[in-house]
Amino acid sequence: MKRKHNLLILLAGLMAFASCKKDNFDPPGSTFKGRIIYEGEPIMVEQNQVRFQLWEPGWGLNGAIDVAIDQDGSYSAVLFNGNYKLIIPKNEGPFMTKSTGSPAKDTIMINLQGSQDFDIEVMPYYMIRNAQFSQAGGKVAATVKIEKIITDANAKNIESVSLYINKTTYVGANGNMQIQRKDSTVNAATDLNNLQLSVNIPAITPTQNYVFARVGVKITGVEDRLYSPVQKITF
């Protein structure tokens, strides 16, 4: 009985030692950050709704590291140094991925040795150009030009364009990112070179004399909207 008791103490000690050893690993210390871009311009999306994955080969069945894109098209993740496969899952974002010549299509190989800035180049279906906002008479007005980027067999139409306003800097189609919106259906007669929208500014509690605005584009068959930069409107 005593021998069994001593054996249990020895096993507990070994487990505690192993646990302490595991807890003493240094935390990840390299920052991997950048933007989703097209020809140097960031692709604006809805906050945390578009993601890519980082896979680190050689760790058995470990899952992917999910990295969310901020609404200004930027991302940031703190990682261990190592080799990673960067993959944008199918149907993520208002864009198509690019083949990089890597062994697997649309996989970007990343060798992380210390903090690194890395912009991810993609092909957006459209780009929002020259977004201009103004306010008058209790309304926010927006004028934008929408440029079609993908024009081959992969091209897609636009369902609608929306103007959103919110009390905070986070603005988008999600219900908690808007206090008012105006949707405009797009058809063959719509002039995408001079698209205009306006929306009433509702009563805001507590009172503030500003809102934040941006335009979003819903592309046919694409869940994630394309957005203009957020702009503060003071009235």
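**Exercise 1.** Is Glu159 buried, partly exposed or exposed, judged by its relative accessible area?

*Solution.* The model is predicted, and the value is computed from it. Step 1: the relative accessible area of Glu159 is 37%. Step 2: buried means under 20% and exposed means over 50%, with partly exposed in between. Step 3: Glu159 therefore counts as partly exposed.

**Exercise 2.** Place Glu159 in its strand and find what Glu159 touches away from its sequence neighbours.

*Solution.* Step 1: the strand is β14, which covers residues 158–166. Step 2: leaving out residues up to four places away in sequence, Glu159 touches Thr185, Val186, Lys218, Ile219, Thr220 and Gly221. Step 3: take one of these, Ile219; from C-alpha to C-alpha it lies 5.5 Å from Glu159, although 60 residues separate the two in sequence.

**Exercise 3.** Classify the ring pair of Phe32 and Phe118, then locate both residues.

*Solution.* Step 1: the ring centres are 6.0 Å apart and the planes meet at 25 degrees. Step 2: planes under 30 degrees apart count as stacked, so this pair is stacked. Step 3: Phe32 belongs to strand β1 (residues 30–38), while Phe118 is in the loop between β9 (116–117) and β10 (120–121). The two are 86 residues apart, and the pair links distant parts of the chain. Step 4: Phe32 has 1% relative accessibility, so it is buried. Step 5: ring pairs also join Phe32 and Phe118 with Phe52 and Tyr75 in a cluster.

**Exercise 4.** Do the same classification for Tyr210 and Phe212, and describe their surroundings.

*Solution.* Step 1: with centres 5.8 Å apart and planes at 80 degrees, the pair is edge-to-face. Step 2: Tyr210 is partly exposed at 25% relative accessible area, whereas Phe212 is buried at 11%. Step 3: the charged end of Lys232 sits over the ring of Tyr210, 4.4 Å from the ring centre.

**Exercise 5.** Which residues touch the most other members of the largest nonpolar core?

*Solution.* Step 1: this core has 51 residues, and those touching the most other members are Ile43, Phe52, Leu86, Ile120, Val140, Val161 and Leu163. Step 2: strand β17 (residues 210–219) contributes the most, with five residues. Step 3: a second, separate core has six residues, including Met44, Val171, Ala173 and Phe212.

**Exercise 6.** Where does pLDDT stay under 50?

*Solution.* Step 1: the mean pLDDT of the chain is 89, and 85% of its residues reach 70 or more. Step 2: over residues 1–21 pLDDT stays under 50, and the model has zero contacts there beyond four places in sequence. Step 3: where pLDDT is low, the predicted coordinates should not be read in detail.

Technical notes
Residues numbered from 1 in each chain as written. Predicted model: local features only at pLDDT ≥ 70, side-chain atom pairs only at ≥ 80, totals over all residues. Heavy atoms only, no water. Core = buried A, V, L, I, M, F, W, Y, C linked by side-chain atoms within 4.5 Å. Buried < 20%, exposed > 50% of the residue type's maximum accessible area, 1.4 Å probe, protein only. Helix = DSSP H or I, 4+ residues; strand = E, 2+ residues; numbered from the N terminus. Phe/Tyr/Trp six-rings, centres within 6.5 Å; stacked < 30°, edge-to-face > 60°. Lys NZ or Arg CZ within 6 Å of the ring centre and 35° of its normal. pLDDT = per-residue confidence, 0-100. Contact = heavy atoms within 4.5 Å.
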